Amino acid sequence: MRRTLTEHHEQKRQDPMASSVSPRSTKFLSTSRSASAVPQPLDIAFGCLSGAISAIMGVGGLPLTMSYLTVYTDLPHHLVQGTAVLTVAPSAITSALSRWHVVPKMTAAAVTVGAMGGGAAGASVALQLSEERLRQLYMLSLVVMGG
């Protein structure tokens with residue numbers, strides 16, 4: 001069962017050693033398992049797949065990663081978003097650096113400045129939204145961007 005962000009923080013407060021970690025299921029593709037501090041083979045395999053698809057297609061791996069975390073962990077949606085952004089950033093940087101010699105630097109810089117401002121504002125808004133509303137907006141964004 002998926003926890004809310006409040007429930008997640010309450011569990012963390014009650015058991016500081018747990019730090020959002022519950023034992024994972026031993027089933028290979030079981031759904032709704034808890035996130036773990038210990039690297040899991042399925043997580044590593046997914047990371048490789050997501051990074052490769054993102055680099056080949058030139059698209060961000062965020063929707064893939066968020067969908068994976070939503071289906072295969074019980075993290076609250078706020079933490080799914082934060083975890084996904086944190087895991088996609090290194091892949092995006094690696095891919096960007098490999099293309100550095102062909103990228104129009106001024107255009108990239110202008111878009112980056114805008115994206116940083118939008119990212120900060122969006123994160124502030126997301127943290128104010130309910131779990132349900134955040135999930136609904138995510139699903140809507142997939143439909144709109146999926147065409």
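This report describes a helix contact, a nonpolar surface patch and a salt bridge in a predicted model.

Local features need pLDDT of at least 70 and side-chain atom pairs count only at pLDDT 80 or more, while totals for chains, interfaces and linings use all residues. Residues are numbered from 1 along each chain as its sequence is written, and side-chain values use heavy atoms, without hydrogens and water.

The helices named here are DSSP runs (H or I, at least four residues), numbered from the N terminus.

| Helix | Residues |
|---|---|
| H2 | 41–57 |
| H3 | 62–72 |
| H4 | 77–98 |
| H6 | 131–146 |

Helices H4 and H6 pack at an angle of about 50°, and their axes, 9 Å apart, are lines fitted to C-alpha atoms over the stretch in contact, with angles from 0 to 180 degrees between N-to-C directions. H4 is therefore oblique to H6, the term for angles that are not under 35 degrees, over 145 or from 65 to 115. His77, His78 and Gln81 of H4 meet Glu131, Leu134, Arg135 and Tyr138 of H6, where contact means heavy atoms within 4.5 Å.

Within H6, the side chains of Arg135 and Glu131 form a salt bridge (3.3 Å, N to O), defined as a side-chain nitrogen of Lys or Arg within 4 Å of a carboxyl oxygen of Asp or Glu. These residues, Arg135 and Glu131, lie four residues apart, about one turn of the helix. By this rule, the count is two salt bridges.

Notes
Helices (H or I, at least four residues) and strands (E, at least two) are DSSP runs, numbered from the N terminus.
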